[in-house]
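Here are some exercises to work through with the model open in your viewer. Try each task before you read its solution.

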Amino acid sequence: MTIRIKTKSVCPICKKQIPAELFEKDGRVYMKKICPTHGEFIERISDLENFKRNLKYLQLLYKYIPTIDVPQCPFKCEQCNLHRSPTVLGIIDVTNRCNLRCSYCFANAAVSGRLYEPDIDTIKKQIDYLVNQNPPAPAVMFSGGEPTMRGDFLEIVRYAVHEKGLYTLVATNGYKIASSLEYAKKLAEAGPVVLYLSFDGLTDETNREKKNHLIIDKILENARKTGLSIVLVPTIIKGVNENQIWPIIKFAFENMDVVRGVNFQPVSFCGRMSKEKREKQRFTISDLKHTLSQQSDGVIKPQHWFPVPSVLPLIELYEEITGNRAVTFSTHPLCGEATYLIKDDKGNPVPLTAFIDIDKFIELIEKYNKEIKKDNSFKEMKLLALTKDLLQQATKIHDLPLNFRYKFAKLLKNIIFNPGNLKALSDFHFETLFIGTMHFQDLYNLDVERLKYCVIHYITPDLKRIPFCAYNGDLGYREKIEKHHSEPFYDK
Ligand code: SF4
Ligand code: SF4
């Protein structure tokens, strides 16, 4: 099959919606689009093998949530009721003040001369908006600027966690946590929260601006002392820090008691950028997977990753068992992929997915979903049979590290019998290291088909829900919202 897929994008110059096509050439897939005024743009999207694999998962996604044409996508997000996915993670920017001055960040208050800091009552309404959705969003991330700059931040966290029951993440550079054990303690008490720690490398050259590798030991120490959890979030730019992928994973693995995961973000470009510079710095998810495979000597191979929508059958099972509606992790497969690392019998990292046949897993869950839907009786027996089949047919259970074999069988049973039980899922996270990647879109590679399925949504002070890559993608949403809700700022 030759790849030739029609979609829509925008012109990176005039930002008007234009048709686009995904096509293959020399083992790679590119996006091509022609603006009647500004000409042709070609952008590398993926390698062909990875793309073809993802098409399979795209069909799975369409089976659960069929695609539809949204004529004015992505310019009508504020009024749109056609978006395909619910909010899984709501993002609320609580300030644009920051304790760092990174050269690439134009948003911070000192540089922009504007202070964006909605008052606490507005933020509580934004949080309420998230949980009042149907289905309610399960998670919120407070972002900025640097959220810990706000004097009332702990009260905001307390409200989200204790009054609204949200799984809460804090996007941070970690400086406040490293500099004050007392603050770390208060934050942990207000939570629990996960620190979503932007962290671009372990060396001076690769972590040039933030330099939080110099304080990472202190961040970990204070997290350990207080019970905070951490996800490391490296932005990967070709030619800058792609040599850090495996070293960061190894570092996270060595600190698995506090580091819950690593979420790699291949760079997305801001504003206009020359073709040469884009080609030099563009890094895709397939680049990440191949580079990691090389750096790790094949420990984590490309086939060990799985795209986010592969969990959709499990979510359907949850809905069948409980009768509750659940949020669907229905991102487009080109947006994100993940795997989990466990310890082998010598204590070395090994991907759990090396022991699981994901396609068989999906097939079995779908088969039992169908049976349970058709006839709801003897549900317990069917779930037991499903667990047994998953272990026998989709898992190389006897190859799993000894120390994990029994735990895995128990975890799987817990998840199948009680898929809404967060305790089972959090036990799973404590035994494993999550490795994920999400490739945020920019004006050059924006694909409305991906955007329509986005599950990460900004919640604005006037209670609008805008998908992440539309809000941050130079389409004017962020500028408009921040201008409307900010005031002049005088740096002291
Ligand atoms: S991105 Fe989603 S919300 Fe925005 S216009 Fe497209 S479908 Fe609607
Ligand atoms: S944030 Fe961007 S990359 Fe992530 S799911 Fe949404 S559209 Fe896709």
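Domain bounds here come from an automatic or database domain assignment. This is a predicted model, in which local features need pLDDT of at least 70, side-chain atom pairs count only at pLDDT 80 or more, and totals for chains, interfaces and linings use all residues. Residues are numbered from 1 along each chain as its sequence is written, while chains are lettered from A and ligands numbered from 1 in the order in which they are written.

**Exercise 1. Work out which domains ligand 2 lies between.**

Step 1: get the domains straight. The assignment gives domain 1 (1-51), domain 2 (68-284 + 439-492) and domain 3 (297-438).

Step 2: collect the shell, where a residue is near a molecule if its C-beta atom, placed from the backbone, lies within 6 Å of it. For ligand 2 that makes 15 residues, the closest being T331, C335, C454, F468 and C469. Two elements, α16 (448-451) and α17 (468-471), each give two or more residues to this shell; helices (H or I, at least four residues) and strands (E, at least two) are DSSP runs, numbered from the N terminus.

Step 3: put the two together. Domain 2 and domain 3 both give residues to the shell, so ligand 2 lies between them.

Step 4: sort the shell by class. Ala, Val, Leu, Ile, Met, Phe, Trp, Tyr, Cys and Pro count as nonpolar, Asp, Glu, Lys and Arg as charged, and the others, Gly among them, as polar. That gives ten nonpolar, four polar and one charged around ligand 2.

**Exercise 2. Find the residues around ligand 1 and sort them by class.**

Step 1: list the shell. You should have V70, C73, P74, K76, C77, C80, L82, H83, L451, K452, P467 and A470.

Step 2: classify. Nine are nonpolar, one is polar and two are charged.

**Exercise 3. Is C469 buried or exposed, and what does C469 touch?**

Step 1: place C469, which sits in helix α17.

Step 2: count neighbours. A residue is buried if 20 or more other C-beta atoms lie within 10 Å of its own, exposed if 12 or fewer, and partly exposed in between, with C-beta atoms placed from the backbone. C469 has 23 other C-beta atoms within 10 Å, so C469 is buried.

Step 3: look for contacts, meaning C-beta atoms, placed from the backbone, within 7 Å of each other. Leaving out residues up to four places away in sequence, C469 touches F440, Q441, L446, L451 and C454.

**Exercise 4. Describe how domain 2 meets domain 3.**

Step 1: take the distance. The C-alpha centres of the two domains are 27 Å apart.

Step 2: count the contact residues: 25 in domain 2 against 19 in domain 3.

Step 3: see what supplies the domain 2 side. Elements giving two or more residues are α8 (245-254), β12 (259-266) and α16, and β12 has the largest share with seven residues.

Step 4: classify that side. It splits into 16 nonpolar, five polar and four charged residues.

**Exercise 5. Check the length of helix α3 (residues 120-131) and find its buried side.**

Step 1: the expected span is 1.5 Å times one less than the number of residues. For the twelve residues of α3 that should be 16 Å, and the end C-alpha atoms are 17 Å apart, which agrees.

Step 2: pick out the buried residues, I123, Q126, I127 and L130. They cover an arc of only 100° around the axis (taken from the directions from the helix axis to the C-beta atoms), so they are on the same side of α3.

Step 3: find their partners. These buried residues pack against β5 (89-93), β7 (139-143), α4 (153-163) and β17 (456-459).

**Exercise 6. Hunt for unusual backbone angles.**

Step 1: recall the background. Most residues other than glycine have a negative phi, and most peptide bonds are trans.

Step 2: find the cis bonds. N134 to P135 is cis, with omega near 0°, and P135 is in the loop between α3 and β7. G144 and G145 are also joined by a cis bond, with omega about 20°; G145 is in the loop between β7 and α4.

Step 3: check phi. D26 has a positive phi near 50° and lies in the loop between β2 (17-25) and β3 (28-35). With 6 other C-beta atoms within 10 Å, D26 is exposed.

Conventions
Two residues are in contact if their C-beta atoms, placed from the backbone, lie within 7 Å.
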